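Dear colleague,

Please find below the structure that I am handing over to you. I would be grateful if you could look through it alongside the notes that come after.

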Amino acid sequence: MNFLTISVKETFQSIFKHKKFFIVLLLLQIFIFPLFAVATFNYAIKIISNLETISQSTQQDNNLQNTDQQIQNALTISTQLKQIIQHLNLLGISLAIIFIFGNGLLWSLSHKLISRKDNNQIQWKIFFENVLHQWLKFTATSIILFTPFFLIAYYIITNSINQSIAPETFGLILKTILASTSIVYFFLLITYAQIHEHSWKKYLQQIITSFKKIHYILIITIINLLILASTIYATYRTVTIPNFETLSIILTFIFIILLVLTRLFWIVSIRNITEKY
């Protein structure tokens, strides 16, 4: 457990040594976080509206005797299903763009904060070249790992919608896809901690070394999850209680700060694990 103490210490040393850089990271996170929330909320509302229309049409269909009305209801349901698929496509594209550009920049800059040895004036040409190299590794790895999984998940969801399977079965499918997404993202997080490596060969070697020490990484994962999950739960509880709007806003801001902190801690910890343990 000594690596945890060292990693926490090194994380906060980097932050205190480069306070302005940390503030820039925090502001960027504050800008990107609402983009994810707004995109998700916007399309979620549309999909819920489609599902409500389908539910109403299905209930009406059970009571209809007129064939023309039944055909009209079937057309309405078909239209709503097509709209759900369209909204899922747009949601996926929106989140992918925000993730690649927003999260890619956050991870690249997080590595730069940790890697900086002093407070001397930044050589901007070298700085942007390094950030670009790291962002390219982030993007390439994300596409390679996520694209096959996304295509399979998309096929399963659209096929399930087109076949109008039972809601209980569809719910089980969504839970399975969500769990699988979490596993894929966990592997991606491990690779993101190594994007600072300039050489692609060294980058792949460090990823392999990381997976060999997965038991250490699981400890860091549990710590980060407990920190973030407890904050999310506290925020949720305040949202459900009247007159606690201010506290929920404060907790949301704390959650955003913790996103930055846990990312830095994750990078420092995995670097220490692969290089020292």
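The notes below begin with the overall fold and then turn to particular residues.

Overall fold

Please bear in mind throughout that this is a predicted model. The protein contains eight helices and zero strands, and its pattern along the sequence reads α-α-α-α-α-α-α-α. The C-alpha trace spans about 80 × 50 × 40 Å along its principal axes. Of the 277 residues in the protein, 38% are buried. About 16,500 Å² of the protein is exposed, and carbon and sulfur atoms supply 69% of that area. Where contacts join residues at least 6 apart in sequence, 81% of them are between residues at least 24 apart.

Aromatic residues

The structure holds 16 aromatic pairs. One of them is formed by Phe99 and Tyr185, whose rings meet edge-to-face, with 6.1 Å from centre to centre and 65 degrees between the planes. This pair connects distant parts of the chain: Phe99 belongs to helix 3 (residues 67-115) and Tyr185 to helix 5 (residues 167-192), with these positions 86 residues apart in the numbering. The two partners may also be described by their accessibility. Phe99 has a relative accessible area of 14% and is therefore classed as buried, the limit for that class being under 20%. Tyr185, at 28% relative accessibility, counts as partly exposed.

Both residues also belong to a single aromatic cluster, which is made up of Phe99, Trp107, Phe138, Tyr185 and Tyr192. Trp107, a member of that cluster, also has a charged group over its ring: the charged end of Arg263 sits there, 5.7 Å from the ring centre. A further arrangement of this kind involves Lys137 and Trp200, where the charged end of the lysine sits over the ring at 5.0 Å from its centre.

A nonpolar patch on the surface

Ile144, Leu145, Ile183, Phe187 and Phe211 make a nonpolar surface patch of about 450 Å². Which helices each supply at least two residues of this patch? They are helix 4 (124-162) and helix 5. Leu145, one of the patch residues, is found in helix 4. With a relative accessibility of 36%, Leu145 counts as partly exposed.

Three residues in their surroundings

Thr191 is located in helix 5. Is this residue buried or exposed? Thr191 counts as buried, because its relative accessibility is 4%. Setting aside neighbours within four places in sequence, Thr191 is in contact with Thr141, Tyr203 and Ile207. For Tyr203, which is 12 residues away from Thr191 along the chain, the separation of the two C-alpha atoms is 8.4 Å.

Lys212 lies in helix 6 (residues 200-212). Its relative accessible area of 65% places Lys212 in the exposed class. How far apart are the C-alpha atoms of Lys212 and Ser230, and what is the spacing of these residues along the chain? The C-alpha atoms are separated by 29 Å, while the residues are 18 apart along the chain.

Glu10 is part of helix 1 (residues 2-17). The relative accessible area of Glu10 is 25%, so the residue is partly exposed. When residues up to four places away in sequence are not counted, Glu10 touches Val268, Asn272 and Lys276. The C-alpha atoms of Glu10 and Leu264 are separated by 9.7 Å, although these two residues are 254 apart along the chain.

In viewing the model, you may wish to start with the aromatic cluster that includes Phe99 and Tyr185, and then turn to the surface patch that includes Leu145.

With kind regards

Technical notes
Residues numbered from 1 in each chain as written. Predicted model: local features only at pLDDT ≥ 70, side-chain atom pairs only at ≥ 80, totals over all residues. Heavy atoms only, no water. Phe/Tyr/Trp six-rings, centres within 6.5 Å; stacked < 30°, edge-to-face > 60°. Helix = DSSP H or I, 4+ residues; strand = E, 2+ residues; numbered from the N terminus. Buried < 20%, exposed > 50% of the residue type's maximum accessible area, 1.4 Å probe, protein only. Lys NZ or Arg CZ within 6 Å of the ring centre and 35° of its normal. Patch = residues over 30% accessible without salt bridge, like charges linked within 9 Å, V, L, I, M, F, W, Y side chains within 5 Å. Areas by Shrake-Rupley, 256 points an atom, 1.4 Å probe, with all protein chains shown as cover. Salt bridge = Lys/Arg side-chain N within 4 Å of Asp/Glu carboxyl O. Contact = heavy atoms within 4.5 Å.
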